[in-house]
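Reader: I am new to this structure and would like a close look at a single part of it. Please take me through that part slowly, and tell me how it sits in the rest of the chain.

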Amino acid sequence: MKNEEQARFLFGISLSDLPKWKRFLICSSGFFFGYLVNGVCEEYVYNRLQFSYGWYFTFVQGFVYLFLIYLQGFTPKQMVNPWKTYVKLSAVLMGSHGLTKGSLAFLNYPAQLMFKSTKVLPVMVMGAFIPGLRRKYPAHEYISAILLVVGLILFTLADAQTSPNFSVVGVVMVTGALVMDSFLGNLQEAIFTLNPETTQMEMLFCSTVVGLPFLIPPMVLTGELFKAWNSCSQHLYVYGVLVFEAMATFIGQVSVLSLIAIFGAATTAMVTTARKAVTLLLSYLIFTKPLTEQHGTGLLLIAMGITLKLLPMPVDSKPGYKRVSSSVASEETRNGPEVEEKNNLV
């Protein structure tokens, strides 16, 4: 719908009158900045300080999000969706964050990155089963995603100074995070699609408020709450790092939600995957590391995947690929009951 795109703002920047490529560039830039800072902070806290408290750190950063959202002027009175819409979404969101951060205690960075790099594939597959979306992707988009994933894995393994270190607990945690990620992006897109008046701030606010209580049981049951409290109390500057990381990640989160609202969950997942490749490549350019043949192969596959993704869709593409929001008007008269069935999100 046209109104859906007209309503989109990103930190005061109106995206309504901009060409689609400029919207993509602005949203992607915000995401890249936020998660580049996030990666640096995580490297410092988890590897330098050896503090592996994923659930607790996610809990603390949730309150930073709420404060930043308040500064943006959002209040619950501006909500356009009922609270129950965000229960399932919040559980998935907090579970994904906690498992991703917590898996670093059992997996080294190359191993975790190998798993997380495949995120785009389950997101695409799950899109076909989410009510309100029922997305079907053409074959060339699956090929594009596979090229991107394989290329990034090759580049990561060539970059790693140590081999991937696999732990059963770590693998289970990161696999759980991947499953939740596959639901997360598609559920967010479905909410934006079924109610285009939903703002990014509402999505982040409600997901955080409803999601924070979900973090308490695993923190208490694992004893992480008390361990993290004692460790951070002895190193108070860690909270400063967490707040700084949360502020940067907040920019990244809102930018990601903008990408999902405008371009869809699968495209956003490909952007987040490509970000990992760009981060690794920048490290080589900045620190002048030598590039090997495996690096070149990985970069070639990544470039092929991105190029294939950017190819224009054929005019006679299957209507199943289109978002529900752009076709409801034309399908209402033909498939009224079917459209109603798709609109039952939760």
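How are α3 and α10 oriented to each other: roughly parallel, roughly antiparallel, roughly perpendicular or oblique?

Author: The model is a predicted one, and the answer for this pair of helices is that α3 and α10 are roughly perpendicular to each other. Their axes come within 9 Å and cross at roughly 70°, and an angle from 65 to 115 degrees is what counts as roughly perpendicular. On the α3 side the contact is made by Gly54, Trp55, Tyr56 and Phe57, while α10 contributes Glu224, Leu225, Ala228, Trp229 and Cys232.

Within this crossing, tyrosine 56 deserves a careful look. Once its neighbours within four places in sequence are set aside, tyrosine 56 is in contact with Glu224, Leu225, Ala228, Trp229 and Cys232, and also with Met219 and Tyr239. Tyr56 is also named, together with Phe57 and Phe250, among the residues with the most contacts inside the largest nonpolar core, a set of 63 residues. Both α3 (54-71) and α10 (224-234) supply at least two residues of that core, as do α2 (20-48), α4 (87-103), α8 (168-194), α9 (200-221) and α11 (237-263). The helix that gives the most to this core is α11, with 14 residues. Apart from this core lies another one, of 14 residues, which includes Met124, Leu152, Ala265 and Ala269.

Further along α3 we come to leucine 68, which is placed in that helix. Leucine 68 counts as buried because its relative accessibility is 13%, and the cut-off for buried is under 20%. Leaving out residues up to four places away in sequence, leucine 68 touches Ala246, Met247 and Phe250. The C-alpha atoms of leucine 68 and alanine 246 are separated by 9.5 Å, although the two residues are 178 residues apart along the chain. Contacts across long stretches of sequence account for much of the chain, for among contacts with a separation of 6 or more, 87% join residues 24 or more positions apart.

The helix α11 can now be followed from end to end. It has 27 residues and reaches 39 Å from its first C-alpha to its last, close to the 39 Å expected at 1.5 Å a residue. Of the 27 residues of α11, 20 are buried, so that the helix is mostly covered. One residue found in α11 is serine 255, which counts as buried because its relative accessibility is 0%. Serine 255 touches Leu10, Cys27, Gly30 and Phe31, again not counting residues up to four places away in sequence. After α11 comes glycine 264, whose phi is positive, near 100°.

To place these helices in the wider chain, it helps to know that the chain has 15 helices and 2 strands, and that buried residues make up 52% of its 346 residues. An unreviewed UniProt entry places the feature "transmembrane region" at several stretches, among them residues 21-41, 53-74, 199-216 and 236-266. In the model, residues 21-41 are 100% helix and 0% strand, with end C-alpha atoms that lie 30 Å apart. For residues 199-216 the corresponding distance is 27 Å, and that span is 94% helix and 0% strand.

Notes: Residues numbered from 1 in each chain as written. Predicted model: local features only at pLDDT ≥ 70, side-chain atom pairs only at ≥ 80, totals over all residues. Heavy atoms only, no water. Core = buried A, V, L, I, M, F, W, Y, C linked by side-chain atoms within 4.5 Å. Buried < 20%, exposed > 50% of the residue type's maximum accessible area, 1.4 Å probe, protein only. Helix = DSSP H or I, 4+ residues; strand = E, 2+ residues; numbered from the N terminus. Contact = heavy atoms within 4.5 Å. Expected span 1.5 Å × (residues − 1). UniProt positions renumbered as here; feature names shortened; annotations may be inferred. Axes fitted to C-alpha atoms, helices over the stretch in contact; angles between N-to-C directions. Parallel < 35°, antiparallel > 145°, perpendicular 65-115°, else oblique.
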